Amino acid sequence: MSAILSIEGLTVALPKGADRPHALDDVTLELRAGEILCVVGESGSGKSMTASAILRLLPDNVALTSGRILFEGKDLAAANEAEMRAIRGAGIAMIFQEPMTALNPLRPVGDQIGEMFSIHTDLSSAEIEARTLALLEDVRIPDPRLALRAYPHELSGGQRQRAMIAMALALSPRVLIADEPTTALDVTTQAQILSLIRDLQRRLGTAVLFITHDFGVVAEIADRVAVMQHGVVVEEGEAAAVLNAPQHAYTKALISAVPPLAAPPPRPFSAEAILKLEGISKTYRTGGFLGRNKRVTRAVRDVSLALPRGGTLGIVGESGSGKSTLARCIMRLIKPDTGAIRLDGTDLATQSPAQHRASARRMQMVFQDPYASLNPRRRVGELVAQGPIIHGTPRDTAMARARELFALVGLDPAATDRYPHEFSGGQRQRIGIARALALEPEVLVADEPVSALDVSVQAQVLKLLAKLRERLGLSIILITHDLRVAVQVCDLVAVMKDGEVVESGPIGRVFEAPEHPYTQSLLAAVPGRGFHPAH
Amino acid sequence: MIRFLRDYARSPSAVVGLLLLLLVIGMAVSADWLFPNDPLSLAGRPLQWPGANPRFWLGTDNSGRDIAAQIFHGARVALLIGLVATSIAVVIGIVIGAVAGFYGGWVDDVLMRVTEAFQTLPNFLLLLVLVSVFGSEIATVVVAIGMVSWPAPARLTRAEFLSLRSREFVEACRTLGMRDAQIIFREILPNALPPVIVYASVVMAVAILLESALAFLRLSDPNVSSWGNLIGLGRDVLRVQWYVSAIPGVAILITVLAVSLVGQGLNDALNPRLRGR
């Protein structure tokens, strides 16, 4: 098959003072008609920059220095702005990661899709509406007539992404660039969108350049794969070949960082529960002045769970399932409406603020976002030593302990007098873990501790958690949306949906023989579940 | 710090503002040395034009006092009013805004209604009331100016706190068992401070203008040589000896301009989104 889009020796220079001279260094790629090419890489690998370079939508301070981008024989690198406008949308269309920010919140979805026709064609408004409706039917939005008039906020994330795809397909482009189109979506929605893209691509013969960081997604959708690292294509080939017999060391490392979905053999842990949740409920009421616009959200409904001493309990669920609210109830950042939280028999839910402060050291939390969870104006050593100092440890002892903790979590003890912004995401998450461990807690609650990190860094942080669990005898509650993360470290798992626990038990049993239909659909939706890399 | 100075120096207007401000500070510092006598004492024949007598290079006012001496000593009063009144306003504003923003709920409702009550009254009218009740000594005037200028910094601090209080690092402090006061003042406040510091320059400029306006109405302390007093005095001879009012007017203009340019420069240098432009 001939190449519809070929990139030859593309080099893009970064501004002076960046961490490397080139965002893309001599990138050569070929997209053939009617295939899906996945470009895979971690953050900073230049994969999104490649997409921007093709459409010539580069930020102002980076410049295309050499190379050619041939689209149907025409060099886009040399095309002028008017020629590019004709190609964007009609020849090459793009889908973005976050459908909420890519759509204009003030205009109905139908108008925004119709705009593609009014810009590029002279169709009458009745024809435009008919075409738009047909497109929405094509992307299988439920009730397309209603969706036509709906504003973006009235649609769910998955429906918004379908609308974006409809918009991208409006002018039957020969090439579709999808930049992490499913990263912001829940796993079941992700599975639907992936199958939609696959199906449309087969039906319309569009060539798709699919950018992702997730090898599970690659296994699901790719015909061919290109792996990028630091702006260089390190490996390219047929999907089956790259996935099953990777040649480059970086590809091997990335693939082995994708954990298998099968649970490891069960670990022994005590039958006695250190933490017991009994009938926890939390309801949010918003608005409702004189009873108008009253909204009641039952975020957590009657949840009862037990965490065995030395064990790890995973709480999994999609966004809006109430898992983070539950974690905050356990930490008493939010006061639950009803229910008891028993730590070794003492009920924490009914404690006074002073008792709460005193018992804080027994239970600590690791947060999701390593960028927001560290105060940017404090040195990291202070951040770690803070907890013990509050609870009466002399400052020098606490700082010495902070340096020991830095060594324990795999950071340089000499780095304690630096500021958070001098560390990478993975290192910051280690600092967050060190801060939580400084008070020598018995229970650690980790809320999505790795979801903001690259896969290879994820694997390191999860290994660290497992190591600390063994060494310090911690009991851990791990909140995650990612079943692959849960299966690596958890002994027990509870699946949450709409604030309720629908299924719980030993992770091996739940993942191999799920009883509840929701658990079954969650497991079925994990991308690349049939793909088992050789370790 | 060096990076901050470099960011600051990038904008020419900010540098001009800083130079003007240094000029005013220089006048205030050198006043005792250049004009050792009381600036309010009689120095010569009244209403001499600037340049007419080499002893009084900015002339004399209608009571025969040296205008140059009053301008230099007046710089001290202006800066004193600016700094003290601004400090009072910012401290009150930060405490009220921080508490309202951090706790939310009914605490926020009560504090914000009080703030709005202060805001709906024109602050110059309120200032007139305070001065006519408590007298027009310079200390009273400064405190009164501070008392009418805090609502805007309070609202700004509250807005910053509302967005910062739900950040994960604040939750982390709570899970460590930290007390609320410590979270508010040691953890959140340093992050909320930059826009408030920038706004303080506006408060300072307004404070200087408020004092001048009071003095123009002859409601400020007549026993200090403030620029406003001189303008008020010049009002009687405005049509012929206009320089008596114009010279202190230019001094006020330069000071207020300097303070606002510095504030704008600080804003640009402290706002990371403008970096790299």
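**Contact between chains A and B, and the sheet of chain A**

In this predicted model, the contact draws on 22 residues of chain A and 13 of chain B, where two residues are in contact if their C-beta atoms, placed from the backbone, lie within 7 Å. On the side of chain B that touches chain A, α8 (168-175) and α9 (180-216) each supply at least two residues. The largest share, 6 residues, comes from α8(B). By residue class, this side of chain B holds 5 nonpolar, 3 polar and 5 charged residues (nonpolar: Ala, Val, Leu, Ile, Met, Phe, Trp, Tyr, Cys and Pro; charged: Asp, Glu, Lys and Arg; polar: the others, Gly among them). Helices (H or I, at least four residues) and strands (E, at least two) are DSSP runs, numbered from the N terminus.

Turning to chain A, an open sheet of 4 strands follows the order β2-β1-β4-β5, with antiparallel pairing; two strands pair if DSSP finds at least two bridges between them. Because β2 (22-32) and β5 (74-75) of chain A each have a single partner strand, they stand at the edges, and one side of each is left without a neighbour in the sheet. β1(A) is joined to β2(A) by 7 bridges, with A:L10 facing its bridge partner A:V27 in β2(A). Another 7 bridges pair β1(A) with β4(A), and here A:L5 has A:F71 as bridge partner. Strand β4 (residues 63-71) of chain A is joined to β5(A) by 2 bridges; A:L70 is partnered by A:D75.

Helix α1 (residues 47-54) of chain A lies across β1 (3-13), β2 and β4 of chain A, at about 70° to β2(A). Axes are lines fitted to C-alpha atoms, for helices over the stretch in contact, with angles from 0 to 180 degrees between N-to-C directions.

Local features need pLDDT of at least 70 and side-chain atom pairs count only at pLDDT 80 or more, while totals for chains, interfaces and linings use all residues. Residues are numbered from 1 along each chain as its sequence is written, with chains lettered from A and ligands numbered from 1 in the order in which they are written.
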